[in-house]
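Trainee: I've got the model open and a list of things to ask. Mind if we go through them one by one?

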Amino acid sequence: MKKLLIGILAGLIIGGAATWLFLRPSEPRQPEEKAATIDISTGSAAVTKQLEAIGLKYAAPETVKLAPEVQGYGRVLDPAPLVALVAEIEADQAAATASEKEFTRVQKLHNENANASAQALETAEAALQRDRMQLRSAQARLLIGWGKDLTHRTDLAALIHALTAGDAALVRIDVLSGEAPAQPPPVARVGPLANEGELREVAVLGVAPSADPQAQGTGYLALWRANPLPPGTALRAVLPAAGGPKSVLVLPRSAFVRHAGGVFVYVQTAGGGFERRIVTTGATLAAGIVVAEGVAAGDKVVVTGAQQLLSTELLGSTGDTGD
């Protein structure tokens with residue numbers, strides 16, 4: 001028995017036990033070399049204790065209630081065009097105000113037969129019309145490019161200041177056609193597309209005024225106030241959808257391994273070994289990651305040591321015994 005335990009532990013630690021653990025992909029795949037194995041099918045308490053001592057632990061997925069959600073993608077927008085356009089509007093407004101005062105002054109002088117000719121009055125009126133047209137043009141571009149929900153905000157000046165200082169960021173979120181909520185939700189959750197960290201809450205301002213040429217669905221503009229990411233960052237997003245909460249399975253992030261373009265977990269088999277199963281993941285929560293497909297509620301999933309098992313399997317498949 002001592003020799004068996006020594007063999008088990010040596011195989012787990014150095015990753016060379018091609019004759020010991022039943023690790024195999026659960027989905028049909030292209031023929032590959034035999035995976036490394038470590039035999040723990042005895043199921044003895046001593047073996048289990050030794051495995052836990054080196055960090056191998058497993059648990060059933062946690063069942064949680066999750067409100068219906070819609071998945072989307074987005075990006076942090078560059079605020080420079082918006083800031084420049086709002087500044088242009090302010091300058092045009094100031095010019096139009098000055099032109100109006102000048103026209104009123106010249107008109108009064110002209111009507112009182114004072115030192116203001118008809119030509120001076122026409123010149124002042126033309127300047128006023130020009131400045132008003134420039135102001136209306138800039139206001140129209142703001143409305144068309146950024147939408148009424150953003151354009152008509154009473155705190156637009158304060159928002160521009162926050163965007164300029166980097167204390168807030170504008171975010172565009174897109175969902176596929178047919179998946180958008182019936183009404184724009186008040187909030188959404190976003191995070192970097194490059195990793196699976198916890199999502200952050202953003203305030204949805206309203207529907208974007210234009211469609212994304214690639215997504216061809218519904219877009220939303222949102223405001224990220226707490227520690228926003230820099231402009232240009234690609235995002236993944238989650239928006240609340242209609243309907244009641246549903247039960248989902250959640251596993252900690254440590255349970256997942258990536259290999260050959262897929263996401264896998266290791267599940268204990270009836271014989272005491274482990275099989276590598278490909279899974280479909282869902283939303284990222286504080287407790288872990290939702291598993292949409294690939295595991296059942298009663299499965300014993302490796303939650304600590306999964307990466308070690310993958311390394312053992314891959315070393316075994318190459319015939320490397322670690323000697």
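Trainee: This is a predicted model. In which helix do Glu102 and Arg105 both lie?

Mentor: Right, it's predicted. The two side chains form a salt bridge, with the closest N and O atoms 2.8 Å apart. Glu102 is partly exposed at 36% relative accessibility, and Arg105 is partly exposed too, at 45%. They sit 3 residues apart, about one turn of the helix, and that helix is α3.

Trainee: How far apart are the end C-alpha atoms of α3?

Mentor: Start from the expected value: α3 has 32 residues, and at 1.5 Å a residue they should span 46 Å. The model agrees with that, as the end C-alpha atoms are apart by 46 Å.

Trainee: And which residue with a positive phi follows α3?

Mentor: Look just past the helix for a phi near 55°. The residue there is Asn113.

Trainee: Which helix holds the salt-bridge partner of Glu88?

Mentor: Glu88 itself is in α3, and it is partly exposed at 31% relative accessibility. Its partner is Arg141, with the closest N and O atoms 2.5 Å apart. The pair links distant parts of the chain, 53 residues apart, and Arg141 is in helix α4.

Trainee: What about Arg189 and Glu69: how many residues apart in sequence are the parts they tie together?

Mentor: Their side chains meet in a salt bridge, 2.4 Å from N to O. Glu69 counts as partly exposed, at 26% relative accessibility. Arg189 is in strand β5 and Glu69 in strand β3, so the bridge ties together parts whose separation in sequence is 120 residues.

Trainee: How many salt bridges does the structure hold?

Mentor: Besides the pairs we discussed, there's a network linking Glu275, Arg277 and Asp299. For the structure, the count of salt bridges is 10.

Trainee: On to α6. What arc do its buried residues cover around the axis?

Mentor: The buried residues of α6 are Leu156, Leu159, Ile160, Ala162 and Leu163. They are on the same side of α6, because the arc they cover around the axis is only 160°.

Trainee: Then which exposed residues are on the face turned away from that buried side?

Mentor: The buried side packs against α3, α4, α5, β4 and β7. The face of α6 turned away from it carries Ala157, Ala158, His161 and Thr164.

Trainee: Which elements give two or more residues to the largest nonpolar core?

Mentor: That core has 22 residues, and those touching the most other members include Leu82, Trp146, Leu156 and Leu170. The elements giving two or more residues to this core are α3, α4, α6 and β7.

Trainee: How many residues are in the other core, the one with Val70 and Tyr220?

Mentor: It lies apart from the largest one. Val76 and Val175 are also among its members, and its residue count is 16.

Trainee: Last one: is Thr233 buried or exposed?

Mentor: Thr233 is placed in the loop between β7 and β8. Its side chain reaches the backbone oxygen of Pro230 at 2.7 Å, and leaving aside neighbours within four places in sequence, Thr233 is in contact with Gly74, Arg75 and Val76. The cut-off for buried is under 20% relative accessible area. With a relative accessible area of 18%, Thr233 is buried.

Technical notes
Residues numbered from 1 in each chain as written. Predicted model: local features only at pLDDT ≥ 70, side-chain atom pairs only at ≥ 80, totals over all residues. Heavy atoms only, no water. Buried < 20%, exposed > 50% of the residue type's maximum accessible area, 1.4 Å probe, protein only. Helix = DSSP H or I, 4+ residues; strand = E, 2+ residues; numbered from the N terminus. Arc of directions from axis to C-beta. Contact = heavy atoms within 4.5 Å. Core = buried A, V, L, I, M, F, W, Y, C linked by side-chain atoms within 4.5 Å. Polar contact = N/O pair within 3.5 Å; in protein donor to acceptor, adjacent residues only side chain to side chain. Expected span 1.5 Å × (residues − 1). Salt bridge = Lys/Arg side-chain N within 4 Å of Asp/Glu carboxyl O.
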